[in-house]
Amino acid sequence: NGKPTIATPDGTFSATLHGVMQLDTAKYDQDDRLPAAVTARDLSGGANFRRARIGVDGKVFGNFDYNILFEFGGSGAEDAGRVQELWLQYSGLKPLRFRIGAFAPPLGLEDAASVNGSLFPERPAVADIARGLAGADTRIGGGVIGNGDHWFASAIATGPLVQSLNSGATAFNAPIFDEQQGYALRVAGMPLHGFDWLVHVGANASIVAQPTDLGASAGTRYALQLRERPELRVDGTRLVDTGQIDAKGAQAYGLELAAQKQNLLIQGEYFDISLDRRNPAVGASDPSFNGWYVEGSWVLTGERRKYNIGAAAFDAPGVDKPFDPSNGQWGAWELAARYSTIDLNYAEDSLIAADRVRGGQQDIWTLGVNWFPNPAVKFMLDYYDVSVDRKNTTGAAIGQDYRALNLRSQIAF
Amino acid sequence: NGKPTIATPDGTFSATLHGVMQLDTAKYDQDDRLPAAVTARDLSGGANFRRARIGVDGKVFGNFDYNILFEFGGSGAEDAGRVQELWLQYSGLKPLRFRIGAFAPPLGLEDAASVNGSLFPERPAVADIARGLAGADTRIGGGVIGNGDHWFASAIATGPLVQSLNSGATAFNAPIFDEQQGYALRVAGMPLHGFDWLVHVGANASIVAQPTDLGASAGTRYALQLRERPELRVDGTRLVDTGQIDAKGAQAYGLELAAQKQNLLIQGEYFDISLDRRNPAVGASDPSFNGWYVEGSWVLTGERRKYNIGAAAFDAPGVDKPFDPSNGQWGAWELAARYSTIDLNYAEDSLIAADRVRGGQQDIWTLGVNWFPNPAVKFMLDYYDVSVDRKNTTGAAIGQDYRALNLRSQIAF
Amino acid sequence: NGKPTIATPDGTFSATLHGVMQLDTAKYDQDDRLPAAVTARDLSGGANFRRARIGVDGKVFGNFDYNILFEFGGSGAEDAGRVQELWLQYSGLKPLRFRIGAFAPPLGLEDAASVNGSLFPERPAVADIARGLAGADTRIGGGVIGNGDHWFASAIATGPLVQSLNSGATAFNAPIFDEQQGYALRVAGMPLHGFDWLVHVGANASIVAQPTDLGASAGTRYALQLRERPELRVDGTRLVDTGQIDAKGAQAYGLELAAQKQNLLIQGEYFDISLDRRNPAVGASDPSFNGWYVEGSWVLTGERRKYNIGAAAFDAPGVDKPFDPSNGQWGAWELAARYSTIDLNYAEDSLIAADRVRGGQQDIWTLGVNWFPNPAVKFMLDYYDVSVDRKNTTGAAIGQDYRALNLRSQIAF
């Protein structure tokens, strides 16, 4: 399959080298005369390695799998070298896999899709917020994953994220006293399918049973915070943000639906997220939020996105004719479109200030062209139309509408 | 041997990929009503990658060996990517090996043992303090190592440690003006041995000839400091600590003794550490400290820990029956116990305040069960009973007794 | 060639592992009674990993090349893990190569030479300053590179550098709002050449079209700054430094000349650098600077430095007799000498203070002996005679003359 692998002839031991480059080069088109109150009136265009990875995965003694992957890219600026995936798995009791270490526990159709084969440069905002509660990359956890030919299920007990330092950081991380405990659950499958079509349905749940303890001296001791970058991370600013909410716990529930017919794919997810306040002020109710997205892909050159039941998610399309102009081969070409919305406001106009959460609402249209010269190389050109509607504590509007254009250049093996 | 290796058929060139995951998940059981003066009344339980490594070692042009290994794990929180081992060695003049670069110079039985095959998650406190003076991981040095079938000797001139940033740090490192110079010496061997038994004896010395110069503006310009975490590092706090002592130099001497009979192993070490004060205040004498440990292992499944004369240390037991329940194979199982004590008090009740060093005394009992499903995978479950007896400058007791439980999950190749 | 490589038999796919250690151990010999105004009166001797790398490069699907290389070494102290090279290249349209990612765009004879095969531990000061404007390591850019048997040309549009954190840093990096845009151009070739000799000529240009925007609150919003370490980086201090100059743009032009006859090589480069001030104060003119160097090599054992037209630069000499004393083989030995000068003063005695740039003048003589036991291993012993002549804003002399000795130990594959 073109991946550099060292293995014993019987496959009992194997090691495959992995490398990833994802370079984003973006230009932001903002209005010239935004009011002074607006957040991020000058977003930083330019170039950023979103992902820069090296690692090895494989198998030892037959039924033990491992994945060791390190990350040097990041959001806004590059990270200072950190663990990306680091886990050990026992797969000797089919159809179950028992896994412990750092990995993103399955939490939805976008969450489970490979970032190398993704339809857009970033996940839809709501899917990214929801997975962030008790899952997301570098989450340390342990649990069980299973799948058959047409079903998938997983249950993972999760702890903290691996700590990291971003090269563009302006301060060290807050010290942590006791770490978060949570759960990530998912069931999904392919109830209807035919020769050249399939329907995917799924449901998932994230539960934060015990938030991180930031210590007695922290402003908000058990802080949960929902916030998100606008589906492009060359500038690392988050435009919607609930701020820190002192919480006893949180839950997110997601529904997944997708249909594929030959080279056409449409998929969407809906998430509902709620927080349980700790020692709420009088009149402050428990906030809840929701959002959804729908996105579609049309592979112009006829290939179809691959459905992988081991992850219950779609991956990049195959490339029937790898780029070779002298033989009239131009790779695979794909058109993509997405609408994504997230509402991080809750009781934002309540008469009781302690009840209000003014996180903002964000709607994004994205149109993209993806070119796959071959299965290892990908270029994505995406146009964003972003609309953020948000008030600050004094009621002033601090949102904005803007456009952005991004080129992602990728090699991944 | 199951390790991913690329080599020429004649072995003149070789490169072996290495990866390590060591994940600690710990729970601390502290008393509820500790006095306010006590250090670390709320130790942080949770999960931490103690080690997360990738690298390559091997051989070029026959007699030149190298080791290139990077670390992304850490104590308390993960480190931000750093050198772990990085050295070049000439082994063409048998039985000597000439080595330069970053490596832990041999300084005792626990120091020389592989961290992947270790009996407990951490070294005994005193062995870790002693090796820290002029040795320890990432020490830059150069020297010569030699061994025969029954003897081992090494002499290394050592300099500074490689600098690093921990992801959980709260401040940058202190600037360094001139770097430490020291020496690490060791002789060891197997004077008595038979078909299924052996006795190991050894002696080692660390000498700090010139401490690091932290610059004219530093509070303590030539600071030496003895301190240690309590043999478990999910929380990175050090409970015993002499504080910074302005010093001209320091010495540590260690004695090693071990005996193995079939699947039984008992080993112990004693260390004596002394510091030479620089410009001592009137009545301040040169402090000295000591500590020892004894630990034993019983491999229930009958394998024995391997003695490696190239390092003059014990490594993990072999695994006669790799985990494969369908064939009734359950890997290797081992019981372990340790008592470890270190006394960092010196003249702690002296009438002259400048003479006192109130670093504290720490005694730790550890009981462990180690499971080796196969030679690449290990799980360790350890119970700790920790007792720290320490006074602060005003004479208040700031030590505590507590219990802890830790599970380490490991893959290493 | 002794490098660990995994490849398909037809060469369509390949992956070669790379590792580098460059350890510098230096001693500085400064005057004892330097005036208090002098910068860096106590340079830090000791040991430092200048480079510590791991990575993989190769080919996928025939005509797509990649290079993925990470760095854990640094100047003054080690860096906290970062991208070193990360690029994707299409080489299917000969003789052109189209490249995008992070790489040092070709900007001169020293710039283009491999750091593993270099004649001295560091580049000449002026060559390093000139490449720093719009090029240098970890520059993100895209463009085209081409060469024939006797010519080379490249044109690269360049952006920002990859951000990084040094383990010895004392503060986080400044936030960046909009990133630099520039160009790096080079033409070079071998107009005269014979069986055992050649003449290299070349010219290069760096253009900063738009400096980095450090934001409205920065002291100098569009800062350009020319500064340099004294051709040895165990101490990371820069002795010549223009300070930040608010600029609209900058240009550097370089001329390259070299001649090789058998085992003798002499080469030199001249650079002219000019900055365009932004909103200059009355009487402040646009500053310009220049410098040059000449260096020579004599390989005592008769091998010659290899000229690589793909980079239009010289690489290490071959090693006819790899080190093997028992067969009377001692590797390759080389003598090297260099004179390098850079003048970062401009109108330094102008009556108008805003016109003055007192960056200082630095002259360095270096004498070196290089030993190549085999093509993967190198030791370099270099003696430096450094003279810095510089005034501060009050007119006091803050330069100094000093000597230094450095040993570099290297393995690179």
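## Three copies around an axis

Let's start with what superposing copies means here: one chain is fitted onto another by least squares, using the C-alpha atoms of residues with pLDDT of at least 70 in both. The model you are looking at is predicted.

With that in hand, take chain C. A rotation of 120° with 0.0 Å of shift along its axis places chain C on chain A, with an RMSD of 0.0 Å. This is the relation of a three-fold axis. Which residue of chain C comes closest to the rotation axis? That residue is C:G81, whose C-alpha is 2.7 Å from the axis.

Chain B can be treated in a similar way: a turn of 120° and a shift of 0.0 Å along the axis lay chain B on chain A, and the RMSD is 0.0 Å. In chain B, B:G81 has the C-alpha nearest the axis, 2.7 Å from it.

## How the copies meet

Which surfaces do the copies use to meet, the same or different ones? Only 15% of the interface residues of chain B are also interface residues in chain A, so the copies meet through different surfaces.

Aromatic side chains from two chains also come together. A:F64 and A:Y90 join B:F323, B:W330, B:W333, B:W371 and B:F379 in one aromatic cluster.

## Strand β5 and its neighbours

Now follow strand β5 of chain A, residues 82-93. Is this strand largely enclosed or exposed? Ten of its twelve residues are buried, so β5(A) is largely enclosed by the rest of the structure.

Two strands of chain A are worth finding beside it. Strand β4(A), residues 64-71, pairs with β5(A) in the antiparallel sense over eight bridges; here A:L69 has A:E85 as its bridge partner. Strand β6(A), residues 96-102, also runs antiparallel to β5(A), and six bridges join the two. On this side, A:L86 is bridged to A:A102 in β6(A). The connection from β5(A) to β6(A) is a hairpin that passes through two residues.

## Helix α2

Helix α2 of chain A covers residues 125-134, and nine of its ten residues are buried, so this helix too is largely enclosed by the rest of the structure. Among the buried residues are the charged-looking names A:D128 and A:R131, along with A:A125, A:V126, A:I129 and A:L133. Just after α2(A), look for A:A136, which takes a positive phi of about 85°.

## Rings and charges

A search of the whole structure finds 51 aromatic pairs over all chains. One of them brings together A:F289 and A:Y346: the ring centres are 6.5 Å apart and the planes lie at 70°, so the pair is edge-to-face. The partners come from distant parts of the chain, with A:F289 in strand β16(A) (residues 288-299) and A:Y346 in strand β19(A) (residues 332-346), 57 residues apart. Both A:F289 and A:Y346 are buried.

Arginine side chains also meet rings. What sits over the ring of B:W87? It is the charged end of B:R99, 3.8 Å from the ring centre. In chain C, the charged end of C:R99 sits over the ring of C:W87, 3.8 Å from its centre.

Terms used: Residues are numbered from 1 along each chain as its sequence is written. Chains are lettered from A and ligands numbered from 1 in the order in which they are written. This is a predicted model: local features need pLDDT of at least 70, side-chain atom pairs count only at pLDDT 80 or more; totals for chains, interfaces and linings use all residues. Side-chain values use heavy atoms; hydrogens and water are left out. Buried means under 20% relative accessible area, exposed over 50%, partly exposed in between (1.4 Å probe, protein chains only). Helices (H or I, at least four residues) and strands (E, at least two) are DSSP runs, numbered from the N terminus. Two strands pair if DSSP finds at least two bridges between them. Rings of Phe, Tyr and Trp (its six-membered ring) pair if their centres lie within 6.5 Å; planes under 30 degrees apart count as stacked, over 60 as edge-to-face and the rest as tilted. A charge sits over a ring if NZ of Lys or CZ of Arg is within 6 Å of the ring centre and within 35 degrees of the ring normal. Contact means heavy atoms within 4.5 Å.
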